[in-house]
Amino acid sequence: MFGSDLPAASGLKTVVDPYSGQRVYVIPRLHPDWALLHVPEADADGNARIYGTIFWDRIMSRAAKGVIISAERIVPSEELAQQPELTVIPSLFVRAVVHAPGGALPCSSTPHYDLNREGVEAYLATVGAPGALHTYLEAQDRALRGLSTSAAA
């Protein structure tokens with residue numbers, strides 16, 4: 001980014017890296033009010049397991065003021081306690097837990113389902129069209145509930 005207009009346009013600043021002594025760009029930390037994270041398993045208290053890549057979900061659970069967990073499965077706390085090292089998000093960060101099978105669709109939720117590329121493309125097609133996102137989300141909600149997508153809402 002050095003030598004480009006991007007840092008000035010983005011408001012980025014430089015600091016000296018204490019390890020290398022070189023100047024590096026830094027950005028302000030994110031501190032969202034809420035993080036809505038979908039996980040394969042959680043208990044009713046909000047202790048959550050993630051199978052697969054945990055990087056961004058773990059970081060966002062610590063950055064947000066509050067976390068809402070949606071989960072493929074709600075499991076007994078005793079089940080999580082059998083392997084506590086697999087709990088990526090502890091309940092102390094979580095304000096609410098929602099049982100939402102299929103809640104990550106069209107993205108993946110390891111080991112329950114893989115990424116649905118056609119679904120992602122359908123979602124992306126709604127971004128620029130007024131009202132299209134609402135129609136898309138309504139159809140997805142009805143499909144997840146097992147309702148006809150042609151019936152009135």
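**Inside and outside a predicted fold**

Reader: Which helix is Ser-61 found in?
Author: Keep in mind that this is a predicted model. The helix that holds Ser-61 covers residues 55-63, and that one is H2.

Reader: Is Ser-61 buried or exposed?
Author: The cut-off for buried is under 20% relative accessible area. Ser-61 comes in at 1%, so it counts as buried.

Reader: What is Ser-61 in contact with, leaving aside its neighbours within four places in sequence?
Author: Ser-61 sits in H2, so look beyond its own stretch of chain for partners with heavy atoms within 4.5 Å. With those neighbours set aside, the contacts of Ser-61 are Leu-37, Val-67, Ile-89 and Phe-93.

Reader: How many residues does the largest nonpolar core have?
Author: In soluble globular proteins, nonpolar side chains tend to gather in buried groups. Here, Leu-37, Val-67 and Ile-89 are among the residues with the most contacts inside the largest such core. Val-39, Ala-42, Ala-48 and Ile-69 belong on that list too, and the core's full count is 13.

Reader: Which strand gives the most to this core?
Author: Three strands each supply at least two of the core residues: S3 (34-42), S5 (66-74) and S6 (87-89). The one that gives the most has four residues in the core, and it's S3.

Reader: Which residues is Leu-37 in contact with, if you leave aside its neighbours within four places in sequence?
Author: Leu-37 is one of the core residues with the most contacts inside the core. Its partners include Val-67, Ile-69 and Ile-89, which are also on that list. Ser-61, from helix H2, is another partner of Leu-37. The full set for Leu-37 is Asp-57, Met-60, Ser-61, Val-67, Ile-68, Ile-69, Ser-70 and Ile-89.

Reader: Okay, on to charges. How many salt bridges does a search of the whole structure find?
Author: Take Glu-41 as one example: it forms a salt bridge with Arg-49, with the closest N and O atoms 3.5 Å apart. Both Glu-41 and Arg-49 are buried. Across the whole structure, the search comes back with five.

Reader: How many residues apart in sequence are the parts that Arg-73 and Glu-41 tie together?
Author: The side chains of Glu-41 and Arg-73 meet in a salt bridge, 2.5 Å from N to O. Arg-73 belongs to strand S5 and Glu-41 to strand S3, so the pair links parts whose separation in sequence is 32 residues.

Reader: Is Arg-73 buried, partly exposed or exposed?
Author: Its partner Glu-41 is buried, with a relative accessible area of 8%. Arg-73 has 32% relative accessibility, so it counts as partly exposed.

Reader: Which residues do salt bridges that share partners join into one network?
Author: Arg-73 also meets Glu-79 in a salt bridge, at 3.7 Å from N to O. Glu-79 counts as partly exposed, at 27% relative accessibility. Put the shared partners together and the network is made of Glu-41, Arg-49, Arg-73 and Glu-79.

Reader: Why is the pair of Phe-55 and Trp-56 classed as it is, going by their rings and planes?
Author: The search of the whole structure finds three aromatic pairs. In this one, the ring centres of Phe-55 and Trp-56 are 4.9 Å apart. Planes over 60 degrees apart make a pair edge-to-face. The planes here are at 75°, so Phe-55 and Trp-56 are edge-to-face.

Reader: About how much accessible area does the nonpolar patch on the surface have together?
Author: Helices H4 (117-125) and H5 (132-144) each supply at least two of its residues. Leu-133, in H5, is one of the members and is partly exposed at 34% relative accessible area. With Tyr-123, Leu-124, Val-127 and Leu-137 included, the patch adds up to about 460 Å².

Reader: What distance separates the C-alpha atoms of Val-120 and Pro-106?
Author: Val-120 is found in H4, while Pro-106 lies in the loop between strand S7 (94-99) and H4. Val-120 is in contact with Pro-106 and Leu-115, its neighbours within four places left aside. Val-120 and Pro-106 are 14 residues apart along the chain, and their C-alpha atoms are separated by 5.7 Å.

Reader: What is omega near for the peptide bond from Thr-110 to Pro-111?
Author: Pro-111 is placed in the loop between S7 and H4. Pro-106 lies in that loop too, and the bond leading to it from Leu-105 is cis, with omega near 10°. The bond from Thr-110 to Pro-111 is cis as well, with omega near 5°.

Conventions. Residues are numbered from 1 along each chain as its sequence is written. This is a predicted model: local features need pLDDT of at least 70, side-chain atom pairs count only at pLDDT 80 or more; totals for chains, interfaces and linings use all residues. Side-chain values use heavy atoms; hydrogens and water are left out. A nonpolar core is a set of buried Ala, Val, Leu, Ile, Met, Phe, Trp, Tyr and Cys residues joined through side-chain atoms within 4.5 Å. Buried means under 20% relative accessible area, exposed over 50%, partly exposed in between (1.4 Å probe, protein chains only). Patches are made of residues with over 30% relative accessible area and no salt bridge: like charges are joined within 9 Å, nonpolar side chains (Val, Leu, Ile, Met, Phe, Trp, Tyr) within 5 Å. Accessible areas come from the Shrake-Rupley method with a 1.4 Å probe; for residues, only the protein chains shown count as cover. A salt bridge is a side-chain nitrogen of Lys or Arg within 4 Å of a carboxyl oxygen of Asp or Glu. Rings of Phe, Tyr and Trp (its six-membered ring) pair if their centres lie within 6.5 Å; planes under 30 degrees apart count as stacked, over 60 as edge-to-face and the rest as tilted.
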